[in-house]
Every structure is written in C-alpha cells, then in structure tokens.
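Grab a pen and work through these exercises with the structure open beside you. Try each task before you read its solution.

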Amino acid sequence: MADKPKLEITLCAPRGFCAGVDRAIQIVELALEKYGAPVYVRHAIVHNKYVVEGLRQKGAVFVEELDEIPPSEAPVVFSAHGVPKSVPADAAGRNMFFLDATCPLVSKVHVEAQRHFSEGHEIVLIGHRGHPEVVGTMGQLPPGAISLVETVADAEAFVPQDPGKLAFVTQTTLSVDDTSAIVAVLRRRFPAVVGPHREDICYATTNRQEAVKQVAARSEVLLVLGSANSSNSVRLAEVGRRAGATAYLIDDAAGLDLAWLAGAKAVGVTAGASAPEVLVQGVIERLAEVFEVTVEEPDAARETVSFKLPKAVA
Ligand code: SF4
C-alpha cells in the first residue's frame with residue numbers, strides 16, 4: 001500500500017464550548033434529570049445540531065414560541081441567546097415553570113441597555129438583524145428605544161435624535177475587527193457616545209478569533225466545527241479566511257470533503273463556542289484514515305470562566 005501523504009494538524013486553543021453554552025446545556029440536562037421528560041426548550045438551546053439532537057433524544061422538546069407548548073407543568077427553558085422581556089412575562093401569564101438559560105454575558109448587555117435607557121440615552125445596538133440575541137436585546141426596551149446598526153455603512157448613515165445623548169451596546173458573538181471599525185465610526189461621528197470600553201463581545205468569542213488568526217496564518221486550510229446558524233462559528237470561518245486560509249464550516253466529520261485538502265500540508269482545526277470537542281476528535285480521526293497526521297496544539301491562555309446554575313436545577 002502506498003504511504004499516506006503527510007498532514008500537519010494544528011488545533012486552535014481555546015476552541016469549542018464556552019461557559020455560557022456549558023451552563024445552558026447543563027440546565028436542560030439537569031431539568032431532565034430532576035423533573036423528567038419532556039422538558040420544553042424555547043429555540044435551539046445553543047446553535048449546534050449535534051447538541052440539539054442529543055438533548056432531543058434525552059427528552060427535550062424544542063419549540064420556537066411558547067404557544068406551541070400544550071398546557072403542562074413541565075419546565076420550559078429559554079435558550080442561551082436571551083429572550084425579549086415579553087417572553088418571561090408571557091410564560092408567567094400562562095403559569096409556566098420556566099428556567100432562563102440566557103448566558104450571563106448576554107444578560108449583562110441587557111442590563112447595560114436598560115441603564116442607558118433610564119439615563120435618557122438613545123441606544124444603538126451593533127449586531128445582526130434577526131439573530132435571537134439581537135431580538136432578545138432589542139426586546140428589553142420599548143419599540144424604538146434601540147436602533148440596529150449592522151455595518152460601517154449603517155454607522156455612517158445613522159441619524160440620532162440627539163448626538164449628545166447616544167449610547168451603544170453590541171451582540172456578544174461578532175467579529176472583533178468588524179465591530180471595532182463600526183465603533184470607530186460612531187465615536188468619530190458622535191464624540192459624546194457612551195458605551196463599553198471597546199464593545200460587548202464576550203471573552204469566548206474574542207479568544208477563539210484570536211487563536212484562529214494565529215493558526216490560519218500558517219495553515220492552507222482551516223476547518224471550523226460548528227453549525228451554519230451559529231454566529232460565533234460563522235465568524236471564525238470569516239476570520240480564518242481573512243488571515244489567509246481557505247476556511248470551511250462543517251457540522252461534523254461527515255461534512256468534510258477530502259478534495260479540500262488536495263495538496264495541503266498544514267490544516268488548522270477549531271470549533272465554535274457551541275460545538276463539542278467530540279466533533280473535533282471525529283475530524284482528526286477521519287483525517288488520520290487518509291493522511292499520516294501530526295497533531296499540534298499551541299499553548300494558550302486557559303479559560304477559567306464559569307457561571308452559576310439557577311437554583312431550580314442546582
Ligand atoms: Fe456567553 Fe459568549 Fe458563550 Fe455566547 S459565546 S454563550 S455570550 S460566553
């Protein structure tokens with residue numbers, strides 16, 4: 001048999017699960033253990049097909065809106081992305097037993113937006129239209145209180161009611177570089193704008209993008225494990241492309257097309273904050289079937305963030 005071609009795999013570190021995803025999944029799993037199936041989950045608990053399917057098999061029932069849930073005493077979990085204020089109000093009105101798996105770093109942005117509003121500021125939210133986190137953050141305040149800005153062009157065109165009373169907040173899973181360009185436009189046009197020191201992008205998003213920049217710069221191909229609806233996973237592929245690699249976003253090893261690696265000597269592998277490590281290992285195993293692989297993982301700052309569980313499942 002011919003020798004297998006050599007392939008150097010560099011694993012990005014950190015990669016994969018963040019503290020908010022870990023907590024959200026635990027809330028559903030512990031609710032299933034404590035209260036039994038079904039446990040209803042409003043929206044995909046985190047944007048990852050493998051995770052959602054695994055929880056479905058354990059008895060989680062995923063819905064998009066509360067009115068899809070039949071009258072029941074079963075727990076209802078709100079996803080990690082956060083929900084508009086109307087959702088817990090609606091659940092309380094229906095006497096539902098609900099558990100909020102909103103990531104505490106998303107809740108922090110909700111609190112910031114509320115504070116700006118109570119101080120009389122008009123608020124700009126930098127984010128992607130339609131993403132559930134954006135829907136949730138905008139839904140913390142009355143309609144019209146928050147304006148969405150998605151691009152540098154939007155920031156250039158934005159006309160505030162009073163440039164002296166303007167604040168901004170951001171989605172947590174954006175591109176660090178794109179967001180800093182948008183913030184720079186807001187600060188230039190409206191010097192009195194108030195907001196976070198840089199943006200509200202979370203530690204996990206920032207660290208994973210930084211790791212991808214390093215690895216993609218010395219890889220021909222970058223494989224990002226994550227689902228297409230996962231904002232932070234999609235951003236990782238974009239960051240990898242900008243750093244010079246040909247990047248692909250795949251759900252799992254089955255999504256890998258070996259033709260992408262024809263002639264490649266160095267491949268980088270990472271995983272979005274909602275993608276479990278087992279998927280990364282599956283890709284390495286698949287690559288090892290056809291290549292003689294060496295696997296390297298540069299040292300990285302270890303993440304020590306963890307969040308408390310709600311009392312109802314702790
Ligand atoms: Fe929280 Fe960031 Fe993870 Fe989203 S990516 S769940 S904001 S830690």
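## Exercise 1: A residue in a loop

Once neighbours within four places in sequence are set aside, Gln-140 is in contact with Val-83, Pro-84, Lys-85, His-110 and Gln-114. Keep in mind that this is a predicted model.

**Task.** Find where Gln-140 sits in the chain, and decide whether Gln-140 is buried or exposed.

**Solution.**
- Step 1: look at the place. Gln-140 belongs to the loop that runs between helix 5 (132-138) and strand 7 (146-149).
- Step 2: check the relative accessible area, which is 10% for Gln-140.
- Step 3: compare with the cut-off. Buried means under 20%, so Gln-140 counts as buried, with its 10%.

## Exercise 2: Far in sequence

**Task.** Work out how far apart Val-313 and Phe-78 are in sequence and in space, then list contacts of Val-313.

**Solution.**
- Step 1: locate Val-313, which is in the segment after strand 12.
- Step 2: take the two distances. In sequence, 235 residues separate Val-313 and Phe-78, and in space they are 14 Å apart, C-alpha to C-alpha.
- Step 3: list the contacts. Leaving out neighbours within four places in sequence, Val-313 touches Ile-27, Leu-30, Ala-31, Tyr-35 and Leu-99.
- Step 4: check the exposure. Val-313 has a relative accessible area of 6%, so this residue is buried.

## Exercise 3: Two sides of helix 10

**Task.** Check the length of helix 10 (residues 277-290), and explain why its buried residues line one face.

**Solution.**
- Step 1: start with the length. Helix 10 has 14 residues, and at 1.5 Å a residue they should span 20 Å. The end C-alpha atoms lie 21 Å apart, which agrees.
- Step 2: pick out the buried residues, namely Leu-279, Val-280, Val-283, Ile-284 and Leu-287.
- Step 3: look down the axis. The buried residues of helix 10 fall within an arc of 145°, so they line one face of the helix.
- Step 4: turn to the face pointing away from that buried side, where you'll find the exposed residues Glu-285 and Glu-289.
- Step 5: ask what the buried residues of helix 10 pack against. Their partners include strand 1 (6-11), helix 2 (49-58) and strand 9 (221-225).

## Exercise 4: Now try helix 2

**Task.** Do the same kind of sorting for helix 2: which residues are buried, and which exposed residues sit on the face turned away?

**Solution.**
- Step 1: the buried ones are Val-51, Val-52 and Leu-55.
- Step 2: down the axis of helix 2, these residues fall within an arc of 95°, so they line one face.
- Step 3: the face turned away from the buried side carries exposed Lys-49 and Gln-57.
- Step 4: helix 1 and strand 3 (60-63) are among the elements covering the buried residues of helix 2.

## Exercise 5: The pocket and the cavity

**Task.** Describe the lining of the largest pocket, then that of the largest cavity.

**Solution.**
- Step 1: the largest pocket holds about 280 Å³ of space. It has 18 lining residues, and those closest to its centre are Ala-13, Pro-14, Asn-207, Glu-210 and Ala-211.
- Step 2: sort the pocket lining into 8 nonpolar, 4 polar and 6 charged residues. Helix 8 gives the most, with 8 residues.
- Step 3: the largest cavity holds about 290 Å³ of space. Among its 24 lining residues, Val-21, His-81, Thr-172, Thr-173 and Asn-232 are the closest to its centre.
- Step 4: sort the cavity lining into 12 nonpolar, 11 polar and 1 charged. Helix 8 supplies the largest share of the cavity lining, 3 residues.

Methods: Residues are numbered from 1 along each chain as its sequence is written. This is a predicted model: local features need pLDDT of at least 70, side-chain atom pairs count only at pLDDT 80 or more; totals for chains, interfaces and linings use all residues. Side-chain values use heavy atoms; hydrogens and water are left out. On a 1 Å grid over the protein atoms alone, a cavity is a set of points where a 1.4 Å probe fits but cannot get out, and a pocket is an open set with protein on both sides within 12 Å along at least five of seven lines; lining residues have an atom within 4 Å of a point. Grid points are joined across faces, edges and corners, and a volume is the space filled by probe spheres set on the points. Helices (H or I, at least four residues) and strands (E, at least two) are DSSP runs, numbered from the N terminus. Ala, Val, Leu, Ile, Met, Phe, Trp, Tyr, Cys and Pro count as nonpolar, Asp, Glu, Lys and Arg as charged, and the others, Gly among them, as polar. The expected span of a helix is 1.5 Å times one less than its number of residues. Buried means under 20% relative accessible area, exposed over 50%, partly exposed in between (1.4 Å probe, protein chains only). The arc is that of the directions from the helix axis to the C-beta atoms. Contact means heavy atoms within 4.5 Å.
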